[in-house]
Amino acid sequence: MEEQSAKKDKPVSSYPKGARIIAAVGAVLLVLMYIITLIAALTTSPASPGLFKVCLGGSILLPIMLWLYIRFAKLWSGEK
């Protein structure tokens, strides 16, 4: 009886498990890119401008790509 009430209390996500994992990985990657950008800005390395450009591009492209993946994963899983 207790198992049934525990299952009822658990919230159900509208996203597949794979999409939630990809979203979490994407969030971690964005944070790492911002940390790399901060370190590149604080150092005077010759690679700093290149790192900044890569991180700036990644900050724009990564969320778009992850959104598309999650959108298609939700469509292909058959869930509404």
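Buried means under 20% relative accessible area, exposed means over 50%, and partly exposed lies in between (1.4 Å probe, protein chains only). The model shown is predicted: local features need pLDDT of at least 70, side-chain atom pairs count only at pLDDT 80 or more, and totals for chains, interfaces and linings use all residues. Residues are numbered from 1 along each chain as its sequence is written, and side-chain values use heavy atoms, with hydrogens and water left out.

**View 1. The whole chain has 3 helices and 0 strands.** Helices (H or I, at least four residues) and strands (E, at least two) are DSSP runs, numbered from the N terminus. From that end, the elements run α-α-α. Of the 80 residues, 19% count as buried. The chain exposes about 6,700 Å², and carbon and sulfur atoms supply 72% of it. Accessible areas come from the Shrake-Rupley method with a 1.4 Å probe; for residues, only the protein chains shown count as cover.

**View 2. Confidence varies by helix.** pLDDT is the predictor's confidence in each residue, from 0 to 100. The chain averages 79, and 85% of the residues score at least 70. Among the elements, helix α1 (residues 2-9) has the lowest mean pLDDT (60), while α2 has the highest (84).

**View 3. Helix α2 spans 38 Å.** This helix holds 26 residues, 17-42. The expected span is 1.5 Å times one less than the number of residues. That gives 38 Å for α2, and its end C-alpha atoms are 38 Å apart, which agrees. Its buried residues are Ala19, Gly26, Leu30, Met33, Thr37 and Ala40. What covers them includes α3 (48-77).

**View 4. Ser48 is a buried residue of helix α3.** Its relative accessibility is 11%, so Ser48 counts as buried. Contact means heavy atoms within 4.5 Å. Leaving aside residues up to four places away in sequence, Ser48 touches Ala40 and Thr43. Across the chain, among contacts between residues at least 6 apart in sequence, 76% join residues at least 24 apart.

**View 5. Trp76 is exposed and belongs to a nonpolar surface patch.** Trp76 is found in helix α3. Its relative accessible area is 71%, so Trp76 counts as exposed. The patch covers about 1,200 Å². Its other members are Phe52, Leu56, Ile60, Leu61, Ile64, Met65, Trp67, Leu68, Phe72 and Leu75. Patches are made of residues with over 30% relative accessible area and no salt bridge; nonpolar side chains (Val, Leu, Ile, Met, Phe, Trp, Tyr) are joined within 5 Å, like charges within 9 Å. A salt bridge is a side-chain nitrogen of Lys or Arg within 4 Å of a carboxyl oxygen of Asp or Glu.
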